[in-house]
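User: Please take me through a close look at one loop, then follow the chain parts it leads to. Keep the sentences short, and explain each term as you go.

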Amino acid sequence: MTSIGVGLIGTGYMGKAHALAWNGVRPVFGDGPRPRLVHLAEVSAELAARRADEFGFERSTGDWRALIADPEVEVVSVTTPNAFHAEMAIAALEAGKHVWCEKPMAVALGDAERMAAAARASGRVTALGYNYIQNPVIRHIRTLLSEGTIGEVNHVRFEMDEDFMADPEALFYWKSEASSGYGALDDFGVHPLSLMQFLFGGVARVMAQLSMPYADRPDRAGGRRRVETWDIASVLLELRGGASGVMALNRSAWGRKGRIAMQIFGSRGTIAYDQERFNEFQLYTASDRPTEQGFRTVLTAPVHEPYDRFIPAPGHGLGFNDLKIIECHELLRAIGGERDAQIVDFDGGLDIERAVHAMAQSHREGRWVEI
Ligand SMILES: NC(=O)c1ccc[n+]([C@@H]2O[C@H](COP(=O)([O-])OP(=O)(O)OC[C@H]3O[C@@H](n4cnc5c(N)ncnc54)[C@H](O)[C@@H]3O)[C@@H](O)[C@H]2O)c1
């Protein structure tokens, strides 16, 4: 395969990130099929045409179904709001396309199950937008864990906080609607859950409490609308390996801009990481001499693969969009039949969705729920 035809649905925040990845993957990695940017869909033909010109796509449409019907499109990026993922991804799979879909996989668990079934039936490759597992730091932490650098892991703490909904007067938009899901759980929780799956094989049981800091928000029409989602979630959990854990999520955390903080405590040390400083991690090992014990900060460098594909010099740092380029490369490797590609496919995504819905059930019923 020398080239692969790409379709992109949606051109907002994530649509642009996918477009940058499709444009960047070949120059960065220099292998695999050359992406050919064939078809782009948006809500109107005018917007689609403008974005196609900006992003470098050959043609555009105001009707995403026309993109799915295009025989030259072989892989489809779905970057629309959550409520559209299931319908678009399933249509693409049924048309024989590979799918790269943004997280969360779907709003209803039944939809996620239908997506996973469609993926299995199609034999096509699927990947979800769990970009944080692509960070060279996270990959290296996984290596350290498998090497036993901090011994047996007995406790983990995950936090994800941002402040884009911290202002009680911030406008009501789709993320406050029940059609987008529960709120912080599926908007945020899925990211730490993808890390727990990547590092520890996932979550066995959960006990959750959801909270809604603001009951209503101003709408575009000048009135107020009742908020339908929970912006805060507090979760106790148990990992499949047996370690206990805590996950705390807050979309209304003033001052936090992109925090996905993780502490992993083991019998011989601790690893700490924060997405707000995602080119470094901290390591404490009990095997250091007592006179020098303390956390050391390790900056990423070409030795932390695949950092070297972007930059030959240590300490210069990757950015968010680079994680999308790595994710795109892993997707292409999977399409090329490489079985060790690091992606969360629709079966892996379904496992994450089950954890999300178990947390919501736990909140409703006030008890621990097994996954
Ligand atoms: N992986 C990540 O780190 C990450 C970060 C942010 C958002 N997301 C996910 O990406 C998805 C999109 O979020 P966003 O922040 O990019 O939203 P956005 O509002 O910025 O962009 C969504 C785009 O989809 C378009 N769209 C809506 N309905 C459409 C339709 N029927 N046909 C074609 N286009 C349509 C909109 O016009 C808009 O341009 C969400 O599911 C979100 O959860 C993932």
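Analyst: Pro104 sits in the loop between strand 5 (98-101) and helix 5. Helices (H or I, at least four residues) and strands (E, at least two) are DSSP runs, numbered from the N terminus. Residues are numbered from 1 along each chain as its sequence is written. The model is predicted: local features need pLDDT of at least 70, side-chain atom pairs count only at pLDDT 80 or more, and totals for chains, interfaces and linings use all residues.

Look at the bond just before Pro104. The peptide bond from Lys103 to Pro104 is cis, and its omega is near -10°. Another cis peptide bond joins Glu305 and Pro306, with omega about 0°. Pro306 also lies in a loop, between strand 16 (296-299) and helix 8 (307-310).

Now step back from Pro104 to strand 5. Strand 5 belongs to an open sheet of six strands in the order 3-2-1-4-5-6, with parallel pairing. Two strands pair if DSSP finds at least two bridges between them. Strand 3 (59-61) and strand 6 (126-128) are the edge strands, and each pairs on one side only. On average, neighbouring strands of this sheet are turned by 20° against each other, direction ignored. Three bridges link strand 5 to strand 6 in the parallel sense. Cys101 stands opposite Leu128 in strand 6.

Step forward from the loop to helix 5. The axes of helix 5 (residues 109-122) and helix 10 (residues 346-365) come within 9 Å and cross at roughly 165°. That makes helix 5 roughly antiparallel to helix 10. Axes are lines fitted to C-alpha atoms, for helices over the stretch in contact, and angles run from 0 to 180 degrees between N-to-C directions. Angles under 35 degrees count as roughly parallel, over 145 as roughly antiparallel, 65 to 115 as roughly perpendicular and the rest as oblique. The crossing of helix 5 with helix 10 is left-handed. A crossing is left-handed if the near helix is turned anticlockwise from the far one by less than a right angle, and right-handed if clockwise.

Which residues make this contact? On the helix 5 side they are Leu109, Ala112, Glu113, Met115, Ala116 and Ala119. Helix 10 brings Phe346, Asp347, Gly349, Leu350, Glu353 and His357. Two residues are in contact if their C-beta atoms, placed from the backbone, lie within 7 Å. These contact residues divide into seven nonpolar, two polar and three charged. Ala, Val, Leu, Ile, Met, Phe, Trp, Tyr, Cys and Pro count as nonpolar, Asp, Glu, Lys and Arg as charged, and the others, Gly among them, as polar.

Next comes the ligand. In all, 21 residues surround the ligand, and the closest are Gly10, Gly12, Tyr13, Met14 and Glu102. A residue counts as near a molecule or strand if its C-beta atom, placed from the backbone, lies within 6 Å of it. The shell has eight nonpolar, nine polar and four charged residues. Helix 1 (residues 13-29) gives the most to this shell, with three residues.

Helix 1 also meets another helix. The axes of helix 1 and helix 9 (residues 320-335) come within 8 Å and cross at roughly 70°. That makes helix 1 roughly perpendicular to helix 9. Their crossing is right-handed. Helix 1 residues in this contact include Ala17, His18, Leu20 and Trp22, while those of helix 9 include Asn321, Lys324, Cys328 and Leu332. By class, the contact of helix 1 with helix 9 has 10 nonpolar, four polar and two charged residues.

Last, follow strand 16, which leads into the loop of Pro306. Strand 16 is part of an open sheet of nine strands, in the order 16-15-14-13-7-12-11-8-17, with mixed pairing. Strand 16 and strand 17 (369-370) stand at the edges with a single partner strand each, so one side of each is left without a neighbour in the sheet. Inside this sheet, strand 7 and strand 12 run parallel, joined by seven bridges. Phe158 has Met247 of strand 12 as its bridge partner. Strand 11 and strand 12 pair in the antiparallel sense, also over seven bridges. Leu236 has Val246 of strand 12 as its bridge partner. Strand 11 and strand 12 form a hairpin with four residues between them, and Gly242 in the turn has a positive phi of about 110°.
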